[in-house]
Amino acid sequence: MLVIGIVGIVCALLAVQFKTIKSEYGIFISIAGCIFIFIYSIKGLENIVDLIGQITSLGGIGTEYIKVLLKIVGITFISEISSDIAKDCGYGALSNQIQIFGKMSILVISLPVFSQIISLIGTLLS
């Protein structure tokens with residue numbers, strides 16, 4: 001966590017410093033910092049996936065539900081990072097469209113799970 005905090009502060013200070021010289025440099029430094037932090041955080045994802053695998057084997061949960069959950073988490077992270085970068089560059093409308101597309105993608109991916117839940121509720125009620 002300390003490494004990410006230091007990288008974030010250094011990138012922010014460099015971006016502010018270079019923004020006065022050329023605004024493009026500040027944006028590039030900000031994007032490079034975001035990419036570094038994202039790649040650094042992905043390294044810890046392997047432990048989380050292993051833990052989820054252990055939980056599913058103990059609980060008897062189907063792997064298709066875990067795959068859907070991991071896809072939703074990935075879409076959320078990517079759309080948030082992309083939206084924030086677009087917003088920092090001054091493209092608010094593009095940022096909003098990225099967020100909407102991320103939400104729509106999550107809805108499309110989760111539709112099979114919702115349909116199974118609704119059919120399960122229908123069988124329980126009848």
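At what angle do helix α4 and α5 pack, and how far apart are their axes? Here are some friendly notes to read alongside the structure.

1. **What you are looking at.** This is a predicted model, in which local features need pLDDT of at least 70, side-chain atom pairs count only at pLDDT 80 or more, and totals for chains, interfaces and linings use all residues. Residues are numbered from 1 along each chain as its sequence is written, and side-chain values use heavy atoms, with hydrogens and water left out.

2. **The helix pair.** Helix α4 covers residues 63-88 and packs against α5 at an angle of about 170°, with the two axes 8 Å apart. Helices here are DSSP runs of H or I with at least four residues, numbered from the N terminus. The axes are lines fitted to C-alpha atoms, for helices over the stretch in contact, and angles run from 0 to 180 degrees between N-to-C directions. α4 and α5 are therefore roughly antiparallel, a label for angles over 145 degrees (under 35 is roughly parallel, 65 to 115 roughly perpendicular, and the rest oblique).

3. **Who meets whom.** On the α4 side, the residues that meet α5 include Y65, V68, I72, I75, S79, S83 and K87. Among their partners in α5 are L94, S95, I98, G102, I106, I109 and V113. Contact means heavy atoms within 4.5 Å.

4. **S95, a serine to find first.** S95 sits in helix α5, which spans residues 92-125. Is S95 buried or exposed? S95 counts as buried because its relative accessibility is 0%; the cut-offs are under 20% relative accessible area for buried, over 50% for exposed, and partly exposed in between (1.4 Å probe, protein chains only). Setting aside neighbours within four places in sequence, S95 is in contact with S83, A86 and K87.

5. **S79 and I98, one from each helix.** S79 belongs to helix α4 and, at 12% relative accessibility, counts as buried. Not counting residues up to four places away in sequence, S79 touches I98 and G102. I98 is in helix α5 and counts as partly exposed at 21%. With the same kind of neighbours left out, I98 touches S79, S82, S83 and A86. The C-alpha atoms of I98 and I42 are 21 Å apart, and these residues are separated by 56 places along the chain.

6. **A nonpolar patch on the surface.** Which residues form the nonpolar patch? The members are L2, I6, V10, L14, F18, I21, Y25 and F28, which together have about 800 Å² of accessible area. Two elements give two or more residues each: α1 (2-21) and α2 (23-42). α1 gives the most, with six residues. Patches are made of residues with over 30% relative accessible area and no salt bridge; nonpolar side chains (Val, Leu, Ile, Met, Phe, Trp, Tyr) are joined within 5 Å, and like charges within 9 Å. A salt bridge is a side-chain nitrogen of Lys or Arg within 4 Å of a carboxyl oxygen of Asp or Glu. Accessible areas come from the Shrake-Rupley method with a 1.4 Å probe, and for residues only the protein chains shown count as cover.

7. **Three residues of α2.** Y25 is found in helix α2 and is partly exposed, at 39% relative accessible area. F28 is also found in helix α2, and its 54% makes it exposed. The C-alpha atoms of F28 and F18 are separated by 9.8 Å, with the residues ten apart along the chain. S23 lies in helix α2 as well and is partly exposed at 36%. From S23 to L111, the distance is 43 Å, C-alpha to C-alpha, across 88 residues in sequence.
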